[in-house]
Amino acid sequence: MGDVTTHPVTTSDGKKVTVKIDRNLCIGAASCVAVAPKMFALDNEAKAIVLDTAGEESFQAAVDAAKSCPVAAIFIVDEQGNQVYPS
Ligand code: SF4
């Protein structure tokens, strides 16, 4: 599945999730950064990364950020390994 980065995050409301970003899909649109600025940023290749402060964002913010991505490059997986978004 290409160049996918994987980040375990416990959200501010206590949900353990894994946030994945497909760097090949990411076009640097930065909508994820706008929706969840403590979770996502762009690196020097204009690809999204997950920040160390990701846990300061809520579960819903993570899902909303994934939904906002125009190319669906963000995947949210729950503690049981089920993909929450895209569903
Ligand atoms: S919204 Fe999607 S395309 Fe835009 S920076 Fe975030 S992951 Fe990349």
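1. Cys69 is a suitable place to begin. In this predicted model, Cys69 has a relative accessibility of 15% and therefore counts as buried, since the limit for that class is under 20%. Cys69 is also among the residues that lie nearest the centre of the largest cavity, and it is one of the closest residues to the ligand.

2. The cavity itself deserves attention next. The structure holds one cavity of 30 Å³ or more, and the volume of the largest cavity is about 80 Å³. Its lining consists of 15 residues, with Cys26, Ala29, Ala30, Cys32 and Cys69 nearest the centre. By class, the lining of the largest cavity comprises 13 nonpolar and two polar residues, with no charged residue.

3. The ligand should be read together with this cavity. The largest cavity is where the ligand sits. Around the ligand there are 13 residues, and the closest of them are Cys26, Ala29, Ala30, Cys32 and Cys69. The shell divides into 11 nonpolar and two polar residues, and no charged residue belongs to it.

4. The cysteines call for a remark. A disulfide is a covalent bond between the sulfur atoms of two cysteines. The structure holds zero disulfides, although Cys26, Cys32 and Cys69 are among the residues closest to the ligand. Cys32 has a relative accessibility of 6%, so this residue counts as buried.

5. Ala30 combines several features. This residue is placed in the loop between E2 and helix H1, the helix that covers residues 31-35. Ala30 is not a glycine, yet its phi is positive, at about 70 degrees. Most residues other than glycine have a negative phi, and most peptide bonds are trans. With a relative accessible area of 27%, Ala30 is partly exposed, because that class lies between the limits of 20% and 50%. Ala30 is also among the residues nearest the centre of the largest cavity and among those closest to the ligand.

6. A second alanine also has a positive phi. The phi of Ala46 is near 60 degrees, a positive value in a residue other than glycine. Ala46 belongs to the loop between strand E3 (40-42) and strand E4 (48-50). Its relative accessibility is 37%, so Ala46 counts as partly exposed.

7. The peptide bond between Tyr85 and Pro86 should be checked by eye. This bond is cis, with omega at about -5 degrees. Pro86 is found in the segment after strand E6, which spans residues 83-85.

8. Val17 links distant parts of the sequence. This residue is located in strand E2, which runs over residues 16-22. A relative accessible area of 5% makes Val17 buried. In sequence, Val17 and Ile76 are separated by 59 residues, while their C-alpha atoms are 6.6 Å apart in space.

9. Ala73 offers a further pair of this kind. The loop that holds Ala73 lies between helix H2 (59-68) and strand E5 (74-78). Ala73 has a relative accessibility of 1% and therefore counts as buried. Between Ala73 and Ile27 the separation is 46 residues in sequence and 8.7 Å in space, taken from C-alpha to C-alpha.

Notes: Residues numbered from 1 in each chain as written. Predicted model: local features only at pLDDT ≥ 70, side-chain atom pairs only at ≥ 80, totals over all residues. Heavy atoms only, no water. 1 Å grid on protein atoms, 1.4 Å probe; cavity = no way out; pocket = protein on both sides within 12 Å on 5 of 7 lines; lining within 4 Å. Points joined across faces, edges and corners; volume = space filled by probe spheres on them. Nonpolar A, V, L, I, M, F, W, Y, C, P; charged D, E, K, R; others polar. Disulfide = S-S within 2.5 Å. Buried < 20%, exposed > 50% of the residue type's maximum accessible area, 1.4 Å probe, protein only. Near = heavy atom within 4 Å. Sits in = over half its atoms within 2 Å of the grid points. Helix = DSSP H or I, 4+ residues; strand = E, 2+ residues; numbered from the N terminus.
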